[in-house]
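Biologist: Before I rely on any label given to this protein, I would like to hear the criterion behind it. Could you take me through the reasoning, term by term?

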Amino acid sequence: MNTNLSIRHLRAFTEVACCGSFTQAANRLHLTQSSLTATIKQLEQSVGLTLFDRTTRRVLLTLQGEQFRPVAEKLISDFDTAIGDLQAIAGQQQGQVAIAASPSTISRLLPPVIDDYRQQFPAIAISLRDDSAGQIEQRVLNNDVDFGIGANHSAHPELNYRPVLTDRYGVVVPDGHRFCEAESVEWQTLIGEELLFLSADTGIRAQLNQFRQAGQLQLSDQKAILEVSNPAGIAALIRQRIGISVLPALAASTESFKELVFIPLIEPEMRREICLVSRKGRSLSPAAATLLSYARQHFYTMRLPAHLESTDPQPLSDQD
């Protein structure tokens, strides 16, 4: 039995059933009558049943044709709805985008990006999920989000990392600390200080460990008096004068740190890269691709927090 049928056969069937005439149906479908007749014949031969009784005056549905008609109409409706939905998504008239990023990125960098995008595409739903660098990568790998914004935590072979910003490391201290008047502080000066570190599962701590293992830093975290899982907790402890901490400038620019002082660290000057993280081989939806492009453009042109710099030389609407 030939089952090579298409939506064309269903449209032909329902139009003839509606008109009760091959001539009228052919006109409405913009077909020749012979072409329409051949299409109905293909359908009947494929299913092995006569669906229409032809008389000299009118074309009538057989019993089997009557039973098939509502099924065919629903199939056509579902098909048209599905195609319409795809076209709406392609035109960014509907859809959703999910992004994973650090809390500091969401609070300090993304609001103008989201505002600009929402003005152009108000029907697109946006989900922002704040996570650590490792969790951002995992969400992208699991397809929980369309893309992430964060540090290259593990150089995962299934992920693309496009650097867009560099973020300078510094020391964060409470007001009145002996470092407050300095324009910069040497890393070596921190030896012997009571340091607060983020926990080992965070991207910041992982990068500091990488710097140390590569021989770029002599600072050890073996004597860390406290470990905290998020920068906001670090800020509260610094404000209480329990210790000081090493953080990137973006993390230290959030509201939690407004009463604290950030001093850049030198000798060496250390930076982290902030990347757009996407999964290799996975195409972004039009909405996600456009929002990613908006992020690149804003990061390249917006006024960034101090000690944060754009590294993306081509903020265009590509989908690399």
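The conversation below sets values from the model against the definitions of the terms used.

Modeller: Please keep in mind that this is a predicted model, in which local features need pLDDT of at least 70 and side-chain atom pairs count only at pLDDT 80 or more, while totals for chains, interfaces and linings use all residues. Residues are numbered from 1 along each chain as its sequence is written, and side-chain values use heavy atoms, with hydrogens and water left out.

Biologist: How do you know that Cys19 is in no disulfide?

Modeller: A disulfide is a pair of cysteine sulfur atoms within 2.5 Å. The nearest cysteine sulfur to that of Cys19 belongs to Cys18 and is 5.0 Å away, so the pair does not meet the cut-off of 2.5 Å. The structure as a whole holds zero disulfides.

Biologist: Why is Cys19 called buried?

Modeller: Buried means under 20% relative accessible area, exposed means over 50%, and partly exposed lies in between (1.4 Å probe, protein chains only). Cys19 has a relative accessible area of 7%, so the label is buried, and Cys275, at 1%, is buried too.

Biologist: What makes Glu44 and Arg54 a salt bridge?

Modeller: The term requires a side-chain nitrogen of Lys or Arg within 4 Å of a carboxyl oxygen of Asp or Glu. The side chains of Glu44 and Arg54 meet at 3.2 Å, N to O, so the pair qualifies under the 4 Å limit. Glu44 lies in helix 3 (residues 33-47) and Arg54 in strand 1 (residues 52-54), so the salt bridge ties together parts that are 10 residues apart in sequence; helices (H or I, at least four residues) and strands (E, at least two) are DSSP runs, numbered from the N terminus. Glu44, at 11% relative accessibility, counts as buried, whereas Arg54, at 40%, is partly exposed.

Biologist: What makes helix 10 largely enclosed by the rest of the structure?

Modeller: Of the 16 residues of helix 10, 12 are buried, and therefore the helix is described in that way. Among the buried residues are Leu291, Leu292, Tyr294 and Phe299.

Biologist: Where is confidence lowest, and where is it highest?

Modeller: pLDDT is the predictor's confidence in each residue, from 0 to 100. Confidence is lowest in helix 8 (residues 203-213), at a mean of 78, and highest in strand 11 (residues 260-266), at 95. Over residues 315-320, pLDDT stays under 50. Where pLDDT is low, the predicted coordinates should not be read in detail.

Terms used
Contact means heavy atoms within 4.5 Å.
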